[in-house]
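These are my notebook entries from a session spent reading one structure. I wrote each one down as I looked it up, going from single residues to helices and then to rings.

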Amino acid sequence: MTIQELSQLYWLNREIELDKQRLAELRSKASPRSPSLTGLPGGGDNSSSVERLAAEIVDLQAIIDAKHLQCIHERNRLERYIADIDDSLTRMIFRLRFVNGLSWQQVATSVGGGNTADSVKKTCYRYLKKTDG
């Protein structure tokens, strides 16, 4: 497996977060506004823009749901790959980095034992090179 393949779960999660932010923006645009009390007639019918926003919201929610399902499949694939690693330290490094999405520094801190960000990263890359990943 390559670093790119191992990183797919991380990038999927990032995509979902961006999509959720966009969804929140759309929902705030679609929320009802208080009516103007000026007594002047309105500028026209906004129903088409509201309908368009509602359609965008439904579509984006469906995309987010599909990506959540994809995340589940990706996580299961990663977990199976990691479970086949013989060395427990290497397994822990892979799980913390690629499943939990921690930075190399956070992985080193979690693993402990005097490990540095560089040492856990090297352990990962050496394992991948050894297994032709």
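**Entry 1: I63.** I began with I63, which I found to be partly exposed, because its relative accessible area is 41% and the partly exposed class lies between the 20% limit for buried and the 50% limit for exposed. I noted that the model I am reading is a predicted one. I63 is located in helix α3, which covers residues 47–83. I then looked for its distance to D19, and I found that the two C-alpha atoms are separated by 8.4 Å, although the residues are 44 apart along the chain.

**Entry 2: V50.** I turned to V50, another residue that I found in helix α3. With a relative accessible area of 44%, V50 is partly exposed. I also looked up V50 together with S31: they are 19 residues apart along the chain, and their C-alpha atoms are separated by 9.2 Å.

**Entry 3: the whole chain.** How many helices and strands does the protein chain have? I counted six helices and zero strands, and so, read along the sequence, the pattern I wrote down was α-α-α-α-α-α. The protein chain has 133 residues, of which 26% count as buried. I also looked at contacts between residues at least 6 apart in sequence, and 64% of these join residues at least 24 apart.

**Entry 4: helix α2.** I checked the length of helix α2, residues 8–30, against what its residue count would predict: at 1.5 Å a residue its 23 residues should span 33 Å, and the end C-alpha atoms are 33 Å apart, which agrees. The buried residues that I listed for α2 are L9, L12, I16, D19, L23 and L26. D19 is thus both a buried residue of α2 and the partner of I63 in the distance I looked up in my opening entry.

**Entry 5: helix α6.** I made the length check again on helix α6, residues 117–130, where 14 residues at 1.5 Å each should span 20 Å, and this agrees with the 20 Å between the end C-alpha atoms. Which residues of α6 are buried? I found A117, V120, C124, Y127 and L128. These residues cover an arc of only 110° around the axis, so they are on the same side of α6. On the face turned away from that buried side I found the exposed residues D118, R126, K129 and K130. After α6 comes D132, and I noted that its phi is positive, near 60°.

**Entry 6: the neighbours of α6.** I looked at how α4 lies against α6, and I found that their axes come within 10 Å and cross at roughly 105°. The two helices are therefore roughly perpendicular to each other, since angles from 65 to 115 degrees are counted that way. Where they meet, α4 contributes T90, I93, F94 and F98, while α6 contributes V120, T123, C124, Y127 and L128.

I then did the same for helix α5, residues 104–111, whose axis comes within 8 Å of that of α6 and crosses it at roughly 95°. α5 and α6 are therefore roughly perpendicular to each other as well. In this case W104, Q105, V107 and A108 of α5 meet A117, V120, K121, C124 and Y125 of α6. I noted that V120 and C124 are listed in the meeting with α4 and also in the one with α5.

**Entry 7: aromatic rings.** I ended with the rings, and I found that the structure holds six aromatic pairs. One of them is formed by Y10 and W11, which are edge-to-face, at 4.8 Å centre to centre and with 80° between the planes. Y10 counts as partly exposed at 32% relative accessibility, and W11 counts as partly exposed at 45%.

F94 and F98 form a tilted pair, with 5.5 Å centre to centre and 55° between the planes. Being four residues apart in helix α4, which covers residues 88–99, these two are separated by about one helical turn. Are F94 and F98 buried or exposed? I found F94 buried, with a relative accessible area of 0%, and F98 buried as well, with 4%. My last look was at how ring pairs join up, and I found that they link Y81, F94, F98, W104, Y125 and Y127 into a cluster.

Definitions and conventions. Residues are numbered from 1 along each chain as its sequence is written. This is a predicted model: local features need pLDDT of at least 70, side-chain atom pairs count only at pLDDT 80 or more; totals for chains, interfaces and linings use all residues. Side-chain values use heavy atoms; hydrogens and water are left out. Rings of Phe, Tyr and Trp (its six-membered ring) pair if their centres lie within 6.5 Å; planes under 30 degrees apart count as stacked, over 60 as edge-to-face and the rest as tilted. Buried means under 20% relative accessible area, exposed over 50%, partly exposed in between (1.4 Å probe, protein chains only). The expected span of a helix is 1.5 Å times one less than its number of residues. The arc is that of the directions from the helix axis to the C-beta atoms. Axes are lines fitted to C-alpha atoms, for helices over the stretch in contact, and angles run from 0 to 180 degrees between N-to-C directions. Angles under 35 degrees count as roughly parallel, over 145 as roughly antiparallel, 65 to 115 as roughly perpendicular and the rest as oblique. Contact means heavy atoms within 4.5 Å.
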